[in-house]
Amino acid sequence: EFYKKHGFDLVGYNSQAVVAGLDKWLEKKTMESAAYEIRNGARLIALHRNMTRVDGDGRIVPNVGQLVKDLEEITGYTATATIGKPSEIFYLEAIKKLPFQNPAVTLMVGDDPEGDLSGANKLGMQTAFVRSKKYGIWPAEISFKPGYEVSHLGELVGKLGR
């Protein structure tokens, strides 16, 4: 709706860019059009790279990252611009809006180690992992460890208050 409201053609030809975001009703035609545009010079822009999300019924389902990965594989495109998490630019832009503007004193809280916390960690931000239906434990394959690991936000508030 945002793109339509601001005059963007969502499925057009000879596009300058394909923006990959959450599409709850993704259709084969949309994927074919996106792949065609990318193969013909359109840039691929990812709103984020999270591979999964938890839906309203508590199920783990594919997310934008899977769509982006599929488009990259289908088209051979390797220059995807990520404008959301885990892009470091995303965190730097957010930090600019804070009073201290210092990654070292900024805490990023999330339930997705790669999608929420990896970019923040690379910038030296403090990180807090909140266990959820999506990730009940910290994944062994993620090389960094969060500064905090909690079951719910109330538990984190208690740890930060010390």
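**Entry 1: a cut-off before I start**

Note to self: a residue is buried under 20% relative accessible area, exposed over 50%, and partly exposed in between. I'm working on a predicted model, so I checked the confidence too. The protein chain has an average pLDDT of 89, and 92% of the residues reach at least 70. Helix α1 (residues 2–5) has the lowest mean among the elements, at 69, while β7 has the highest, at 97.

**Entry 2: aromatic rings**

How many aromatic pairs does a search of the whole structure find? I got three. One of them is F90 with Y91, an edge-to-face pair with 5.3 Å centre to centre and 85° between the planes. Are these two buried or exposed? F90 comes out at 32% relative accessibility, so I put it down as partly exposed. Y91 has a relative accessible area of 2%, so Y91 is buried.

Then I looked up W138 and F144. Their ring centres are 5.3 Å apart and their planes sit at 75°, so I call this pair edge-to-face as well. W138 and F144 are both buried. F129 joins in here: F129, W138 and F144 make up one aromatic cluster.

**Entry 3: helix α5**

Next I went to α5, residues 113–122. Is it mostly covered or mostly open? Mostly covered: seven of its ten residues are buried. I listed them as P113, G115, D116, L117, S118, G119 and A120. What do they pack against? I found α4 (88–95), β6 (107–110) and β7 (126–130).

I looked at the ends of the helix too. At the N-terminal end, D112 acts as a cap, with a side-chain oxygen 3.1 Å from the backbone nitrogen of E114. Just after α5 comes G124, and its phi is positive, about 85°.

**Entry 4: strands**

Last stop, the strands. β1 (residues 17–20) and β2 (residues 43–46) run parallel and are joined by four bridges. Across that pairing, V19 faces I45 in β2. How does the chain get from β1 to β2? It goes through helix α2 (residues 28–39), and this β-α-β crossover is right-handed.

β2 also pairs with β5 (residues 81–82), again in the parallel sense, over two bridges. Which residue of β5 stands opposite I45? I found A81 there. So I45 turns up twice in my notes, opposite V19 and opposite A81.

Note on methods
Residues numbered from 1 in each chain as written. Predicted model: local features only at pLDDT ≥ 70, side-chain atom pairs only at ≥ 80, totals over all residues. Heavy atoms only, no water. Buried < 20%, exposed > 50% of the residue type's maximum accessible area, 1.4 Å probe, protein only. Contact = heavy atoms within 4.5 Å. Polar contact = N/O pair within 3.5 Å; in protein donor to acceptor, adjacent residues only side chain to side chain. pLDDT = per-residue confidence, 0-100. Phe/Tyr/Trp six-rings, centres within 6.5 Å; stacked < 30°, edge-to-face > 60°. Pairing = 2+ DSSP bridges. Right-handed = clockwise from strand over helix to strand, strands pointing away.
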